[in-house]
Amino acid sequence: MLIRLASALLLAGLLATTAPVAHAQTTAAKKAAAAKKAAAAKTAAAKAAAAKTAAAKAAADKAAAAVPPPAPLTEAQASAGVKEALNKGILKAVEFASEPDGFNTNDEIHIPFPEDAILMKTTLSKFPGMNTLITTFETQLNRAAEAAAPKAKDIFLNALANISITDALSLVTNGSADAATQFLRKSTEAQLVAAFQPDISAAIDQVGAGKAYAKMTGQYNRIPLMTPVQTDLTAYTTQKAVDGLFILLANEEGKIRKNPAARTSDILKQVFGRK
């Protein structure tokens, strides 16, 4: 009887010891199976996604191949596109330059103190009250340019009307962002300078730049051993004003060539929207 009881207790102890181990082994096996199943599902999903992407690419390539290339640009289209682009740029450039502070507060086209009078500026800035005069003088030069700017409009538009069809086609296909502006500059710069000079000269006197300059040079030229300054204010301001207008025009042309949002008409989209 005692032997049977001892055997039963021994068996129960063995069962109690091996049960957790068996349970742990079963759990581990289940986890491994689940992980294997998840990995297989993930691999299958990745393959499906790759197949879907490949199919979409193939469909897109097929669709692109089915679209015929755009018809070659005609000379008439090129001419219309270039003229409209320049016309748009001219109107914006002249309008902007003609506004109060159109030159004065724009770092790109602001007319600075004359280069050959920088030593005078530096020297006079050390004298009491001269800094105010120097700053005022520089502002007045820019005011003179702003006053003369409207005269550029008709000169630009007349030159625009004379651009040949052959030249227009060449300008459209030119890779430079300001090709049309530079072309227009060659045909109008001398005319602009000649037209601007009387207005710039009158404006310089009207805004007081001439008097301010005379006061500065008068004081500076009396300083011993200094080389007298003799800048031609009209010529200097006129050239800077003309340069500024072409900078603004080039900016507008660049926008049309590079930015689809700037192509506000069908002909601009047709001419400058080609790849």
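**Three residues in helices 7 and 9**

User: Happy to start with T237 in this predicted model. Which residues does T237 touch, leaving out those up to four places away in sequence?

Analyst: T237 is found in helix 9. With neighbours up to four places away in sequence set aside, T237 touches I111, L141, A144, I200 and I204.

User: Is T237 buried or exposed?

Analyst: Buried means under 20% relative accessible area. T237 has 0% relative accessibility, so T237 counts as buried.

User: Which backbone oxygen does the side chain of T237 reach, and at what distance?

Analyst: A polar contact needs a pair of N or O atoms within 3.5 Å. The T237 side chain has such a partner in the backbone oxygen of L233, at 2.8 Å.

User: Let's move along to R257. Is R257 buried or exposed?

Analyst: R257 is also placed in helix 9, which covers residues 233-258. The cut-off for buried is under 20%. At 16% relative accessibility, R257 therefore counts as buried.

User: Which backbone oxygen does the side chain of R257 reach?

Analyst: Beyond four places in sequence, R257 touches several residues, including N174, S176, R263 and F272. L171 is also one of the residues R257 touches. At 2.7 Å, the R257 side chain reaches the backbone oxygen of L171.

User: And D205, is that one buried or exposed?

Analyst: D205 lies in helix 7, residues 179-207. Exposed means over 50% relative accessible area. D205 has 56%, so D205 is exposed.

User: What separates the C-alpha atoms of D205 and T234?

Analyst: Along the chain, D205 and T234 are 29 residues apart. In space, their C-alpha atoms are separated by 10.0 Å.

Methods
Residues are numbered from 1 along each chain as its sequence is written. This is a predicted model: local features need pLDDT of at least 70, side-chain atom pairs count only at pLDDT 80 or more; totals for chains, interfaces and linings use all residues. Side-chain values use heavy atoms; hydrogens and water are left out. Helices (H or I, at least four residues) and strands (E, at least two) are DSSP runs, numbered from the N terminus. Buried means under 20% relative accessible area, exposed over 50%, partly exposed in between (1.4 Å probe, protein chains only). A polar contact is a pair of N or O atoms within 3.5 Å; within protein, one must be able to donate a hydrogen and the other to accept it, and residues adjacent in sequence count only if both atoms are side-chain atoms. Contact means heavy atoms within 4.5 Å.
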